[in-house]
Amino acid sequence: MRLRDYVLSALEDAAGESVSGEALARSYGVTRAAVWKAVDRLRKSGCPITGFCGAGSQSGGGGYVLDPSYDPLDARRISAALKALEPASGGAAYCLPDESRLYVFSEIESTNTWAKKQAAEKGETLHGTVFLAERQTAGHGRLGRPFFSPASGLYLSIVFCPRGPINPAHFTAAAAVAVCMALGDLYNADCRIKWVNDIFLKGKKVCGILCEGIGGLETGRVEAVVAGIGINLREPSGGFPPEIAHVAGAVLTEAASAGWLIPTRRNELAAAVIRYALKFFSDENLRPAMLEEYRRRSLILGREVTVHPLAGVSADGEDGSYRARAVAITDDAALVVQTPDGGQRVLQAGEVSLGVH
Ligand code: BT5
């Protein structure tokens with residue numbers, strides 16, 4: 001690891017606390033002047049590091065402090081984090097993207113829209129490519145519903161080109177489990193999944209997933225799946241917009257019950273999500289365990305729900321919504337509900353809510 005990267009990650013680990021130049025120099029085995037130079041270069045590239053002002057200064061005993069909210073996405077660091085998670089993926093059933101397949105945008109309309117366009121143009125060569133953004137100006141969910149995507153979150157779309165016929169619901173389920181496991185690994189967050197595509201933490205939606213397929217007209221099958229994932233990491237500075245304030249939450253706000261500042265570690269989170277997702281997408285042998293985890297994390301199994309057979313249609317009774325109990329999730333990731341008359345229905349698609357509306 002380059003000295004510059006070492007210094008940056010040590011300051012990140014310190015989460016807003018100061019780290020002395022001497023400690024950094026000692027642990028990397030260089031002089032304090034070399035550390036100062038590395039910090040200077042980091043500052044020039046835009047890193048908000050305060051403290052200790054000059055190589056020759058004796059007065060900066062306070063050390064260096066990195067603004068803890070600074071955590072830009074970086075393809076090289078995501079790639080390094082992937083390699084750290086999977087040092088030798090050669091024999092694995094899946095292939096993790098290297099830096100050349102990780103495209104990072106500071107701002108984009110929608111990583112899904114971009115990924116779909118790229119996949120339509122470039123076909124199978126895009127297999128395993130990931131598009132990530134710090135913020136989206138036109139992020140969307142199902143049926144074109146807007147997905148609020150400010151810079152306090154993480155937005156990514158993974159392109160996966162299946163070899164044969166697929167069940168799209170497996171991809172949504174796999175992506176949901178991947179996000180939950182990654183959030184558990186990094187922040188110790190214990191997330192729940194609301195069938196089919198929402199991730200909740202302490203009663204708030206902290207992540208939405210939108211898997212879209214690109215079909216080949218000639219082949220009649222899904223040629224590429226674009227798995228779009230949007231995670232609210234911190235509360236946006238101005239709060240969530242009023243129309244979603246009652247439902248939306250942020251992972252780190254909900255996880256930090258003790259009130260301390262948890263570092264975002266965006267690049268590590270991206271790597272963990274990508275790795276779990278590609279693993280579940282690629283290896284059918286993992287499907288039973290993945291579905292078991294999906295069921296275990298279900299927010300709705302055993303509970304009374306309102307079923308909206310057509311997702312996105314308002315629940316004014318006109319959409320055929322009805323009350324039922326969620327009783328099972330099948331191996332096809334379909335939801336089984338029991339109606340008050342004792343009958344059962346198997347839902348391949350649709351939406352459920354926990355309230356009466
Ligand atoms: C989803 O749709 O929740 C899927 C969202 C997928 C977003 C990712 S980000 C990367 C990729 N690029 C994209 O453009 N999309 C994907 P759905 O289940 O239809 O939920 C949409 C509803 O969630 C909205 O109507 C709001 O009520 C609510 N919502 C919007 N923004 C939210 C947010 N940031 N957090 C929580 N809830 C939100």
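Does Gly228 count as buried or exposed, and at what relative accessibility? In this predicted model, Gly228 has 8% relative accessibility, so the residue counts as buried, given that the cut-off for buried is under 20%.

**Around Gly228**

Let's stay with this glycine for a moment. Gly228 belongs to strand S9. Leaving aside residues up to four places away in sequence, Gly228 touches Asn112, Leu156, Ser157, Gly208, Ile209 and Leu210. Ala115 is 113 residues from Gly228 along the chain, yet the C-alpha atoms of the two are separated by 9.1 Å.

**The chain as a whole**

Stepping back, the protein chain holds 10 helices and 14 strands. Of its 357 residues, 49% are buried. Among contacts with a separation of 6 or more, 64% join residues 24 or more positions apart. The chain exposes about 16,700 Å², and carbon and sulfur atoms supply 52% of that area.

**The ligand and its shell**

Now to the part you may want to look at on screen. There are 27 residues around the ligand, and those that come nearest are Ser110, His140, Arg145, Lys205 and Asn232. By class, this shell comprises 10 nonpolar, 13 polar and four charged residues. Three side chains place a polar atom at these distances from the ligand:

| Residue | Ligand atom | Distance |
|---|---|---|
| Thr111 | nitrogen | 3.3 Å |
| Asn197 | oxygen | 3.3 Å |
| Asn232 | nitrogen | 2.9 Å |

On its own, the ligand would expose 790 Å², and the protein buries 92% of that. Which elements give two or more residues to the shell? They are helix H5 (111-122) and the strands S5 (153-160), S8 (204-215) and S9 (222-232). Strand S9 is also where Gly228 is found.

**One face of helix H2**

Another spot to visit is helix H2, residues 21-28, where Gly21, Leu24 and Ala25 are buried. Seen down the helix axis, the buried residues of H2 fall within an arc of 100°, which means that they line one face of the helix. The general geometry helps here: an α-helix has 3.6 residues a turn, so residues three or four places apart point the same way. What covers the buried residues of H2? The cover includes helix H1 (3-13), helix H3 (32-44) and strand S2 (64-66). Just after H2 comes Gly29, which takes a positive phi of about 80°.

Notes. Residues are numbered from 1 along each chain as its sequence is written. This is a predicted model: local features need pLDDT of at least 70, side-chain atom pairs count only at pLDDT 80 or more; totals for chains, interfaces and linings use all residues. Side-chain values use heavy atoms; hydrogens and water are left out. Helices (H or I, at least four residues) and strands (E, at least two) are DSSP runs, numbered from the N terminus. Buried means under 20% relative accessible area, exposed over 50%, partly exposed in between (1.4 Å probe, protein chains only). Contact means heavy atoms within 4.5 Å. Accessible areas come from the Shrake-Rupley method with a 1.4 Å probe; for residues, only the protein chains shown count as cover. A residue is near a molecule or strand if one of its heavy atoms lies within 4 Å of it. A polar contact is a pair of N or O atoms within 3.5 Å; within protein, one must be able to donate a hydrogen and the other to accept it, and residues adjacent in sequence count only if both atoms are side-chain atoms. Ala, Val, Leu, Ile, Met, Phe, Trp, Tyr, Cys and Pro count as nonpolar, Asp, Glu, Lys and Arg as charged, and the others, Gly among them, as polar. The arc is that of the directions from the helix axis to the C-beta atoms.
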